Amino acid sequence: MRKLVFATTNQLKLDMARYVLEPLGFEVIGKKMKNLPEIQADSITEVAIYSSQYAHRELKCAVLKNDSGLVIPALNDFPSLYSNYVEKTLGEDGILKLMEGVLDRRAYFLDVLAYTDEEGNTKTFESKSWGTISKNKEGNMGIGYDFIFIPDGQEHTLACFTDEEKLPLFSRDAYAKLGQWLKEK
């Protein structure tokens with residue numbers, strides 16, 4: 001098995017990478033990096049690239065890094081890049097307040113993987129996990145937006161599912177594309 005270092009402190013993201021990449025022949029090794037600088041940027045992709053290149057310089061190896069955010073088209077794609085900040089300041093209740101009276105409740109999680117190879121070259125892969133914003137918070141098994149996001153094909157928010165049950169509810173396209181690209185490299 002080829003080893004793949006994934007710099008993350010998020011166990012669910014690490015589990016997702018393993019869920020998709022291990023059957024493709026990759027051993028995913030989680031590396032916790034605290035105090036990774038958060039840059040001011042115009043897109044989630046820019047943040048993922050910067051984080052991956054930073055982790056590459058610090059760890060001195062090829063590395064995978066991820067950044068993601070909740071995107072609500074009816075709110076001009078808000079909070080997107082600012083998802084973490086908005087979750088800490090407005091919270092889910094603030095998003096629900098912003099969504100009052102909004103009929104189009106479609107939303108998605110944008111997940112961007114940035115892989116930086118041994119030479120410092122970076123390639124990105126992305127996927128979108130679609131769903132809707134609920135009208136009320138629901139569940140007790142989640143963090144952040146899990147309490148207000150209902151994945152497509154489901155009747156309840158992510159916070160109603162265990163981490164293991166959540167894995168198949170997210171798009172795995174980015175991980176699958178990464179695995180295929182690495183196999184061809």
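Reader: Where does Val-102 lie?

Author: In this predicted model, Val-102 sits in the loop between α4 and β5.

Reader: Why is Val-102 called partly exposed?

Author: Its relative accessibility is 22%. Buried means under 20% and exposed means over 50%. A value of 22% falls in between, so Val-102 counts as partly exposed. As for its place in space, the C-alpha atoms of Val-102 and Gly-131 are separated by 15 Å, with their positions 29 residues apart along the chain.

Reader: What makes Leu-4 a buried residue?

Author: Leu-4 has a relative accessible area of 3%. The limit for buried is under 20%, so Leu-4 is buried. The residue is in strand β1.

Reader: Which residues is Leu-4 in contact with, leaving aside neighbours within four places in sequence?

Author: Leu-4 is in contact with Leu-21, Glu-27, Val-28, Ile-29, Leu-64, Tyr-115, Leu-178 and Leu-182. Leu-98 lies elsewhere: Leu-4 and Leu-98 are 94 residues apart in sequence and 40 Å apart in space, C-alpha to C-alpha.

Reader: Which residues touch the most other members of the largest nonpolar core?

Author: That core has 35 residues, and Leu-21, Leu-70, Ile-72, Ile-133, Tyr-175 and Leu-178 touch the most other members. Two or more residues each come from β1 (2-7), α1 (11-21), β2 (26-31), β3 (63-72), α4 (91-98), β5 (106-116), β6 (122-133) and α6 (173-184). The element that gives the most is α1, with six residues.

Reader: What does Ile-133 touch, not counting residues up to four places away in sequence?

Author: Ile-133 touches Leu-70, Ile-72, Leu-96, Met-99, Arg-105, Ala-107, Ile-148 and Phe-149. Apart from the largest core lies another core, of 10 residues, including Ala-41, Val-47, Val-112 and Ala-114.

Reader: Why are α1 and α6 called oblique to each other?

Author: Two packed helices are described by the angle between their axes and the distance between the axes. Here the axes of α1 and α6 come within 9 Å and cross at roughly 50°. Under 35 degrees would count as roughly parallel, and 65 to 115 as roughly perpendicular. An angle of roughly 50° is in neither range, and therefore α1 and α6 are oblique. The crossing of α1 and α6 is right-handed.

Reader: Which residues make the contact between α1 and α6?

Author: From α1 come Lys-13, Met-16, Ala-17, Val-20 and Leu-21, and from α6 come Tyr-175, Ala-176, Leu-178 and Gly-179. By class, the contact has seven nonpolar, one polar and one charged residues.

Reader: Which residues of α4 are buried?

Author: The buried residues of α4 are Gly-91, Glu-92, Gly-94, Ile-95 and Leu-96. They pack against β3, β4 (78-79), α3 (83-89) and β6.

Reader: What kind of peptide bond joins Phe-78 and Pro-79?

Author: A cis peptide bond joins Phe-78 and Pro-79, with omega at about 0°. Pro-79 has its place in strand β4.

Reader: Why is Lys-60 called exposed?

Author: The relative accessible area of Lys-60 is 70%. Exposed means over 50%, so Lys-60 is exposed. Lys-60 is found in the loop between α2 (44-59) and β3. Its phi is near 55°, a positive value in a residue other than glycine.

Reader: What makes Asn-76 exposed?

Author: Its relative accessible area is 74%. The cut-off is over 50%, so Asn-76 is exposed. Asn-76 lies in the loop between β3 and β4. It has a positive phi of about 55°, although it is not a glycine.

Reader: Why is Lys-128 called partly exposed?

Author: Lys-128 has a relative accessible area of 37%. That value is not under 20% and not over 50%, so Lys-128 is partly exposed. Lys-128 is found in strand β6. Leaving aside its neighbours within four places in sequence, Lys-128 is in contact with Tyr-108, Phe-109, Leu-110 and Ser-171. The C-alpha atoms of Lys-128 and Val-71, 57 residues apart along the chain, are separated by 9.4 Å.

Reader: How do you know that Asp-163 counts as partly exposed?

Author: Asp-163 has 40% relative accessibility. Being between the limits of 20% and 50%, Asp-163 counts as partly exposed. The residue is found in helix α5 (residues 163-166). Asp-163 and Arg-18 are 145 residues apart in sequence and 13 Å apart in space, C-alpha to C-alpha.

Notes. Residues numbered from 1 in each chain as written. Predicted model: local features only at pLDDT ≥ 70, side-chain atom pairs only at ≥ 80, totals over all residues. Heavy atoms only, no water. Core = buried A, V, L, I, M, F, W, Y, C linked by side-chain atoms within 4.5 Å. Buried < 20%, exposed > 50% of the residue type's maximum accessible area, 1.4 Å probe, protein only. Helix = DSSP H or I, 4+ residues; strand = E, 2+ residues; numbered from the N terminus. Contact = heavy atoms within 4.5 Å. Axes fitted to C-alpha atoms, helices over the stretch in contact; angles between N-to-C directions. Parallel < 35°, antiparallel > 145°, perpendicular 65-115°, else oblique. Left-handed = near helix turned anticlockwise from the far one by under 90°. Nonpolar A, V, L, I, M, F, W, Y, C, P; charged D, E, K, R; others polar.
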